[in-house]
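Please open the structure in a viewer and keep the selection tool at hand. The tour below proceeds from one selection to the next and states what is found at each stop.

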Amino acid sequence: MLDLSANDLDDNCARPLLKVLQHPLRSLDLSGNELGPTAAVSLCTAMARFGFLQQLRLEGNPLDYPPAGILSQGSEAVLDFIRGYRHA
């Protein structure tokens with residue numbers, strides 16, 4: 001598990017986070033940061049491509065993607081959404 005919660009991460013952190021996602025990481029906590037739409041799309045695309053994650057926490061970020069309804073359902077729903085994005 002990698003816990004990066006409450007670190008004031010924002011969209012400028014997307015590129016370094018993408019490098020982290022290239023490794024077989026099972027759990028990633030990005031909750032309570034400032035990740036916006038740019039980071040969200042980049043991260044979701046990378047997660048769909050690499051597919052290692054089993055748990056992902058994104059709550060508490062100013063995200064509009066994945067939709068709030070998906071985020072509120074927890075990490076399993078977010079990962080299902082991302083896996084569907086991979087096949088779209």
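## The sheet

Select Ser27 together with Gln55 of β3, which is the bridge partner of Ser27. The model is a predicted one. Extend the selection to β2 (27-29) and β3 (55-57): these two strands run parallel and are joined by 3 bridges. Now add β1 (2-3) to display the whole open sheet, whose 3 strands follow the order β1-β2-β3 with parallel pairing. β1 and β3 stand at the edges, each with a single partner strand, so one side of each lacks a neighbour in the sheet.

## Asp29 and Ser31

Next, select Asp29, which belongs to strand β2. Is Asp29 buried or exposed? With a relative accessibility of 4%, Asp29 counts as buried, because the limit for that class is under 20%. Apart from its neighbours within four places in sequence, Asp29 is in contact with Met1, Leu2, Asp3, Leu4, Ser5 and Arg57.

From Asp29, move to Ser31, in the loop between β2 and α2. The side chains of Ser31 and Asp29 make a polar contact at 2.6 Å. Ser31 is likewise buried, its relative accessible area being 9%. If residues up to four places away in sequence are set aside, Ser31 touches Ser5, Ala6, Arg57, Leu58, Glu59 and Asn61.

## The loop between β1 and α1

Ala6, one of the residues touched by Ser31, is the next selection. Ala6 is located in the loop between β1 and α1 (14-20). Although Ala6 is not a glycine, its phi is positive, at about 55 degrees. Ala6 is exposed, with a relative accessible area of 60%.

Then select Asp8, which lies in the loop between β1 and α1. Asp8 also has a positive phi of about 55 degrees without being a glycine. The relative accessible area of Asp8 is 62%, and this residue is exposed.

## Gly74 and Leu58

Select Gly74, in the loop between α3 (68-71) and α4. Gly74 counts as partly exposed, at 25% relative accessibility. Measure to Leu58 from C-alpha to C-alpha: Gly74 and Leu58 are 8.6 Å apart in space and 16 residues apart in sequence.

## The cavities

How many cavities of 30 Å³ or more does the structure hold? There are 2 cavities of that volume or above. Display the largest, of about 50 Å³, by selecting its lining: Met47, Ala48, Gly51, Phe52, Leu53, Leu79, Ile82 and Arg83. α2 (37-50) and α4 (75-87) each supply at least two of these lining residues, and α4 gives the most, with 3. By class, the lining consists of 6 nonpolar residues, 1 polar and 1 charged.

For the last stop, turn to the second largest cavity, with a volume of about 40 Å³. Its lining is formed by Leu21, His23, Leu25, Met47, Phe50, Gly51, Phe52 and Leu53. This lining has 6 nonpolar and 2 polar residues, with no charged ones. To view the two cavities together, select Met47, Gly51, Phe52 and Leu53, which appear in both linings.

Note on methods: Residues are numbered from 1 along each chain as its sequence is written. This is a predicted model: local features need pLDDT of at least 70, side-chain atom pairs count only at pLDDT 80 or more; totals for chains, interfaces and linings use all residues. Side-chain values use heavy atoms; hydrogens and water are left out. On a 1 Å grid over the protein atoms alone, a cavity is a set of points where a 1.4 Å probe fits but cannot get out, and a pocket is an open set with protein on both sides within 12 Å along at least five of seven lines; lining residues have an atom within 4 Å of a point. Grid points are joined across faces, edges and corners, and a volume is the space filled by probe spheres set on the points. Helices (H or I, at least four residues) and strands (E, at least two) are DSSP runs, numbered from the N terminus. Ala, Val, Leu, Ile, Met, Phe, Trp, Tyr, Cys and Pro count as nonpolar, Asp, Glu, Lys and Arg as charged, and the others, Gly among them, as polar. Buried means under 20% relative accessible area, exposed over 50%, partly exposed in between (1.4 Å probe, protein chains only). A polar contact is a pair of N or O atoms within 3.5 Å; within protein, one must be able to donate a hydrogen and the other to accept it, and residues adjacent in sequence count only if both atoms are side-chain atoms. Contact means heavy atoms within 4.5 Å. Two strands pair if DSSP finds at least two bridges between them.
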